[in-house]
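User: I want to learn how to read salt bridges in a model. Please take me through some cases.

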Amino acid sequence: MSNLDVNQSESRGFHYGWINIGVLLLVMSVSHGIISAGIPVFDARILAELNISRGALKFRDFIQIISAGLSGLAIGYAVARIPPRWITVSGLLALAVALLGYGLAPNVATIYALHVLLGFCYASVHVVIVVIFVSQWFTTHRGLAIGLALSGTSLGSAVFPQIGVALTSVLDWREAIKWLAVFPLAMAPIAAIALRSRLPSAAGHQDGSSESTSSAPSARAVDYRMVGVLGIAVFGVFYSASGFIAHTFLHLKDQGFNDQTAATGLTIVFIMGLIGKIAAGVAGDAWGTRPVWQGHQGILIASGVLLVTIQPAWFWIALVALGLGWAGCYTLTQVVLTDMFAGPSLGKLIGWFIVFEAVGAGSGSWLTGVLFDAFGSYSIPFMINTALLLVSFTACFFLPKRR
């Protein structure tokens with residue numbers, strides 16, 4: 001279907017934008033699901049075969065997330081010249097190559113190199129790409145469209161741990177991880193055919209309504225003190241949540257659970273994340289973004305306290321809280337940034353905050369592993385994560401109240 005056909009279909013009442021959202025949801029399910037939750041189920045076998053520490057292995061997450069942040073910044077500039085669907089397709093093909101390479105990796109250095117590539121794969125269908133498609137196709141229902149697309153991350157992360165464990169039950173981990181490449185290879189042609197950008201001539205007649213340029217947010221002067229305060233809040237949330245989630249599978253294994261049960265723990269986190277993203281959006285509309293954002297930080301703090309207790313009876317409640325808290329914080333952080341810095345500087349600040357979020361998340365995953373190696377358990381690193389969440393929660397009280 002050509003862009004002209006798409007626009008003609010739109011004029012007849014068919015909103016092709018929802019097809020784009022559905023495809024983005026599926027692509028994110030595959031790409032983010034495999035990268036965020038599919039690969040970690042192989043960690044115990046990788047640690048044993050390569051004879052490396054957890055800190056050394058989890059340094060790959062730091063590399064990957066930094067690569068994703070920088071790739072996201074680069075993609076933000078590249079989409080002016082490259083159609084976003086081709087960026088997404090290239091990310092899917094690169095993911096297949098990375099998974100095949102993972103199955104052949106002889107050492108941890110090779111894994112680090114692969115996670116540089118996986119960072120690009122993650123960014124190739126993430127916030128920047130989703131926002132571009134939504135801005136092209138929607139003037140109303142943008143929140144719903146973005147929420148549905150981003151929910152693919154949670155959906156895929158709930159499914160792929162189970163697929164990974166099922167594969168390892170019949171295959172060596174190296175063969176199992178190669179088989180995961182089938183999913184991005186199958187998804188690539190679908191994305192190439194179905195994802196479509198909107199012709200500029202169709203702008204202003206989307207989703208059955210028009211939007212005047214006069215409704216755009218007014219310019220606001222950037223208060224860089226508030227950038228610093230918000231940076232503290234964002235860093236603590238992304239560092240801590242990443243530290244908890246990246247080590248959930250290994251933490252459950254340490255408590256004596258088998259692979260299937262540990263994978264189920266990850267699935268619980270991401271199913272609750274799927275619910276949490278929708279709930280956070282609805283609650284934010286009803287009660288205001290800022291208080292709901294802090295409320296989800298409180299849920300994250302509660303999950304950290306429960307995980308620190310190292311009581312198996314509390315694990316499942318902790319994992320439910322972890323999924324709900326992180327999903328709400330992740331979704332509403334972007335809304336808070338928009339609220340704080342709406343105006344001509346928004347794009348630049350969002351781009352740099354994406355990099356900053358990546359630094360926090362990558363550091364949390366890596367340093368939690370380093371601290372585990374130093375202390376022999378997750379008690380101290382999880383306490384530090386919880387303390388950082390308390391700092392973030394407190395920092396929010398120093399932010400100005402803005403609509």
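Analyst: Start with Lys253. In this predicted model, Lys253 has 29% relative accessibility, so Lys253 counts as partly exposed. Its salt-bridge partner is Asp259, with 2.6 Å from N to O.

User: Is Asp259 buried or exposed?

Analyst: Buried means under 20% relative accessible area. Asp259 is at 15%, so Asp259 counts as buried.

User: Which residues are joined into one network by salt bridges that share partners?

Analyst: Asp43, Lys58, Arg60 and Asp61. Look at one pair there: the side chains of Asp43 and Arg60 form a salt bridge at 2.7 Å, N to O. Asp43 sits in helix α3 (residues 43-50) and Arg60 in helix α4 (residues 54-78), so this pair ties together parts 17 residues apart in sequence. Asp43 and Arg60 are both buried.

User: What about a pair within one helix? Where do Glu175 and Lys178 lie?

Analyst: Both are in helix α9 (residues 173-179). They are three residues apart, about one turn of the helix. Their side chains meet in a salt bridge at 3.5 Å, N to O. The cut-off for that contact is 4 Å, so the pair qualifies.

User: How is the accessibility of Glu175 and Lys178 classed?

Analyst: Partly exposed covers the range between 20% and 50%. Glu175, at 36% relative accessibility, counts as partly exposed. Lys178 is also partly exposed, with a relative accessible area of 23%.

User: How many salt bridges does a search of the whole structure find?

Analyst: Nine. Among them are Lys253 with Asp259, Asp43 with Arg60, and Glu175 with Lys178.

Definitions and conventions
Residues are numbered from 1 along each chain as its sequence is written. This is a predicted model: local features need pLDDT of at least 70, side-chain atom pairs count only at pLDDT 80 or more; totals for chains, interfaces and linings use all residues. Side-chain values use heavy atoms; hydrogens and water are left out. Helices (H or I, at least four residues) and strands (E, at least two) are DSSP runs, numbered from the N terminus. Buried means under 20% relative accessible area, exposed over 50%, partly exposed in between (1.4 Å probe, protein chains only).
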